[in-house]
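This report describes the metal site and the cysteines of one protein model. The sequence and structure are shown first.

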Amino acid sequence: MKAGLVFTLITIALLQQVAAQRDCRSFSRQQEHMENDPGLRSRITALETFTLQHSGNNTAGRIEANVIKIPVVVHILYHYPSEKIGDEQIIAQLAMLNKCFRKLNADTVNTPAVFKSLAADCEIEFQLATADPQKKYTNGIVRKYTPITQWGADDKMKLSAEMGDDAWDPKSYLNIWVCNLDKFAGYASFPGGDEKADGLVLDFPVVADAGNKTIVHEVGHWLNLRHLWGDEYCGEDGVSDTPKQASYTPGCPTTIRITCGNGPHGDMYMNYMDFTNDACTNLFTAGQKARMRALFAPGGPRNSLLSSKGLNPPLIFESPLPAEDPKWLEARIYPNPAINEINIDLNYDARWIGKIFQVTNLQGQIVMTVPVTSKFQKINISHLAPGMYFLAAKKEDGVSVKQKFIKL
Ligand SMILES: [Zn+2]
């Protein structure tokens with residue numbers, strides 16, 4: 001009994017450690033993009049050269065002095081009412097993000113003495129947009145109902161056509177999507193990739209926890225920072241003042257960890273770009289700051305944000321719309337016209353399974369009833385006379401589908 005209890009406690013402790021461990025999909029997502037976009041690799045190489053030119057000792061092209069202010073829009077994709085999270089959670093996340101980027105976080109005192117002189121105020125701030133791309137009033141937070149209950153790290157949440165929400169012009173805004181991610185706490189796009197997918201994605205529990213620093217780490221990627229170990233054994237992160245380290249750091253170490261010959265000071269595991277527990281990360285370095293700010297130099301991929309109008313006073317005020325009920329999207333029917341068989345794609349809402357579809361002719365007579373057994377339902381129409389038909393179904397909540405198709 002006692003041994004069982006100890007085992008249970010150890011298991012719980014291990015699970016908590018796993019839960020606190022950062023899981024980040026950004027790098028592997030970039031690798032996938034490279035496979036699908038042959039030009040991406042050369043764009044990344046060109047950006048590395050640009051970054052070296054604008055972050056090194058040559059200060060001519062360097063972005064200096066001014067605090068860079070980045071307009072932010074947060075797209076909250078909710079399915080259940082509990083996911084319609086409040087403004088205060090978003091505001092708390094951005095407050096924490098800004099503290100870390102301005103080195104105003106209280107735990108900066110925990111930075112080891114040997115690394116303290118490297119810790120930087122990045123002079124970058126993030127503010128919820130005050131004007132949308134049409135210059136209309138906004139508080140920078142968009143809430144949108146989606147029939148999708150869970151998302152993969154595949155960028156579909158960034159597209160309205162996939163039941164997500166389209167990005168606001170990424171040249172002018174940092175887009176952040178908050179949704180129910182299936183496996184990961186969050187991921188970000190690196191600069192230079194597909195504009196429609198530019199921004200970061202965060203899971204609901206991350207945003208609900210004001211002390212969670214996933215957003216800091218992911219914005220680091222969005223501003224071109226890599227993991228400290230360069231995603232390979234003793235790899236390169238493109239920053240000279242972060243020591244090389246063998247791999248990511250689990251948990252929260254209490255001793256110096258020497259890897260890749262980085263003694264005597266060892267790994268900088270308290271850097272936001274490691275996987276260390278949030279409570280134990282507390283710095284970006286001057287080198288990381290220079291690498292991030294190089295993106296804002298003329299010709300750099302984030303330069304356009306400096307002239308964004310997203311933080312201007314809005315030119316158009318509209319009285320806010322009343323909260324709307326979820327807008328149900330259409331089932332897709334194909335092929336249409338059809339000869340023998342039609343397919344109904346109900347993937348947008350699996351709750352149609354178990355309902356009955358009725359097929360009626362132009363005279364309003366029911367010619368077929370079809371129980372829905374699959375998200376991709378096939379219906380044999382070979383026996384129907386040529387003409388126009390309607391396919392209709394209704395759920396308990398009164399939501400209905402009605403679409404026409406033509407039998408040839
Ligand atoms: Zn990461």
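Which cysteine does a disulfide join to Cys 234? The partner is Cys 260, with an S to S distance of 2.0 Å. A disulfide is here a pair of cysteine sulfur atoms within 2.5 Å.

The model is predicted: local features need pLDDT of at least 70, side-chain atom pairs count only at pLDDT 80 or more, and totals for chains, interfaces and linings use all residues. Residues are numbered from 1 along each chain as its sequence is written, and side-chain values use heavy atoms, with hydrogens and water left out.

**Disulfides**

By the distance rule there are two disulfides. Cys 234 and Cys 260 both lie in the loop between helix H7 (214–222) and helix H8 (286–294), 26 residues apart. Helices (H or I, at least four residues) are DSSP runs, numbered from the N terminus. The second disulfide is formed by Cys 252 and Cys 280. Because Cys 252 and Cys 280 are each in the loop between H7 and H8, this pair ties together parts that are 28 residues apart in sequence. With bonded cysteines counted along the chain, the pattern is 1-3, 2-4. The table gives the geometry of each link.

| Disulfide | S to S distance | Angle about the S-S bond | Hand |
|---|---|---|---|
| Cys 234 and Cys 260 | 2.0 Å | -90° | left-handed |
| Cys 252 and Cys 280 | 1.6 Å | -100° | left-handed |

Accessibility is classed as buried (under 20% relative accessible area), exposed (over 50%) or partly exposed (in between), using a 1.4 Å probe and protein chains only. In the first link, Cys 234 is buried at 18% relative accessibility, whereas Cys 260 is partly exposed at 29%. In the second, Cys 252 is partly exposed at 36% and Cys 280 is buried at 17%.

**Unpaired cysteines**

The cysteine sulfur closest to that of Cys 100 belongs to Cys 122, and at 9.8 Å it is too far for a bond. Cys 122 is accordingly in no disulfide. Cys 100 is buried, with 3% relative accessibility, and Cys 122 is buried with 0%.

**Zinc site**

Cys 24 (SG), His 217 (NE2), His 221 (NE2) and His 227 (NE2) coordinate the zinc ion at 2.0 to 2.1 Å. Donors are N, O and S atoms within 2.8 Å of the metal (3.2 Å for Na, K and Ca). Their spacing along the chain is C-x192-H-x3-H-x5-H. The arrangement is tetrahedral because the four donor atoms subtend angles of 96 to 125°, the criterion for four donors being that all angles lie between 85 and 135 degrees. Of the donor residues, His 221 and His 227 are both buried.

Definitions and conventions:
Tetrahedral: all angles 85-135°; square planar, octahedral: opposite > 155°, others 65-115°. Helix = DSSP H or I, 4+ residues; strand = E, 2+ residues; numbered from the N terminus.
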